[in-house]
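This report introduces a structure to a reader who has not met it before. It proceeds from a single residue to strands, a sheet and a cavity.

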Amino acid sequence: MAQHVQGVIAPGKNEPVRVETIVIPDPGPGEAVVKIQACGVCHTDLHYKQGGINDEFPFLLGHEAAGVVESVGDGVTDVEPGDFVVLNWRAVCGQCRACLRGRPWYCFDTHNAKQKMTLLDGTELSPALGIGAFAEKTLVAAGQCTKVDPEVSPAVAGLLGCGVMAGIGAAINTGQVGRGDSVAVIGCGGVGDAAIAGARLAGAARIIAVDIDDRKLETAKKMGATHTVNSRSGDPVEAIRSLTGGNGADVVIEAVGRPETYKQAFYARDLAGTVVLVGVPTPEMQLELPLLDVFGRGGSLKSSWYGDCLPSRDFPMLIDLHQQGRIDLGAFVTETIGLGDIEQAFARMHDGDVLRSVVVF
């Protein structure tokens, strides 16, 4: 029997979000209903609200979540009711050419629930990143549920569902930061700070945080940055080079998603170094670089999809490291809020006042 729950929708482009009654169908084959315990307010949710992802309004927002499996449909064997899970938005298929070649973190055919959640009048909702977790319960593909230790706080665990995993993975998985490396991170919001934490976890010797906001740079130091650069007051490329013996950093992680900052990352890396783009650009943005420089500087230019993570591998590992005190995931939780506070949380995020506001149920 379908259930009625409270959830937050974005009704139209740049319209204020509102709390509505959401109809959650019973899980079908391969699906699960999850009772949400916590969900972070991510910049991607704001992009949905602004129409920056697509125009399939109304959206059921929220995707950075943890909760407890309530029920499962036919054929589901990996999770069962009562399991504490982190939701992920890239459930691997196991059958595409990437999965069959042993690279499931690149899965080219990720899947979501087939049934639609709706409003009371039958209007179909588009769940953000196939999840829609600003709601008391949500319907997902069972493969979007990753079991982790239930002793961890849901507000902490849920952050692995998007931003924190994207940043840590950009450093560890995509950038392959190693012991003794120099790393620069351009853009010190939630994802950038997670990249800094990931670089520290990987053993980087020098971690340079770059931003235009001194408040964010102070937070970056707490996450593990050894040096900071305010790019309002000088050329960040020259600053990064001067902090790395004139060479540039071994790995530069661009966590903004703009052509200007990408060029800074490109020229701030050492010869044969690596640039990792984890910031998400908008469709109209264009990048122009001299092809001779692309050839002459060597190295790798990489994009990081979801931190190139494999949820079944990475989520439990990072929870274990958090519980051992080796990485402080709780430091990313700035405040906990209710469903009715999300519009204000978007404003605080836009103003740079928080790393993460987390809705708790």
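Does N112 count as buried, partly exposed or exposed? At 36% relative accessibility, N112 counts as partly exposed; buried means under 20% relative accessible area and exposed over 50%, with partly exposed in between (1.4 Å probe, protein chains only). The model is a predicted one, in which local features need pLDDT of at least 70 and side-chain atom pairs count only at pLDDT 80 or more, while totals for chains, interfaces and linings use all residues. Residues are numbered from 1 along each chain as its sequence is written, and side-chain values use heavy atoms, with hydrogens and water left out.

N112 belongs to the loop between helix 2 (97–100) and strand 7; helices (H or I, at least four residues) and strands (E, at least two) are DSSP runs, numbered from the N terminus. Leaving aside neighbours within four places in sequence, N112 is in contact (heavy atoms within 4.5 Å) with W89, L129, G130, A141 and Q144. Between the C-alpha atoms of N112 and T228, which are 116 residues apart along the chain, the separation is 40 Å.

Strand 7 also takes part in an open sheet of five strands, ordered 7-2-1-4-8 with mixed pairing. Strand 7 (118–119) and strand 8 (126–127) each have a single partner strand at the edges, so one side of each is left without a neighbour in the sheet. Two strands pair if DSSP finds at least two bridges between them.

Strand 14 (residues 249–254) has five of its six residues buried, so it is largely enclosed by the rest of the structure. The table lists strand pairings, including those of strand 14.

| Strands | Sense | Bridges | Opposite residues |
|---|---|---|---|
| 11 (residues 182–186) and 14 | parallel | four | V185 and I253 |
| 14 and 15 (residues 269–277) | parallel | five | V251 and T274 |
| 1 (residues 3–10) and 4 (residues 59–60) | antiparallel | two | A10 and F59 |

From strand 14 the chain passes through helix 8 (residues 259–268) to strand 15 in a right-handed β-α-β crossover; right-handed means that, with the strands pointing away from the viewer, the path from the first strand over the helix to the second runs clockwise.

The lining of the largest cavity is formed by R90, V92, P104, W105, C107, T110, W305, Y306, C309 and P311. A cavity is a set of points on a 1 Å grid over the protein atoms alone where a 1.4 Å probe fits but cannot get out, and lining residues have an atom within 4 Å of a point.

Terms used: On a 1 Å grid over the protein atoms alone, a cavity is a set of points where a 1.4 Å probe fits but cannot get out, and a pocket is an open set with protein on both sides within 12 Å along at least five of seven lines; lining residues have an atom within 4 Å of a point.
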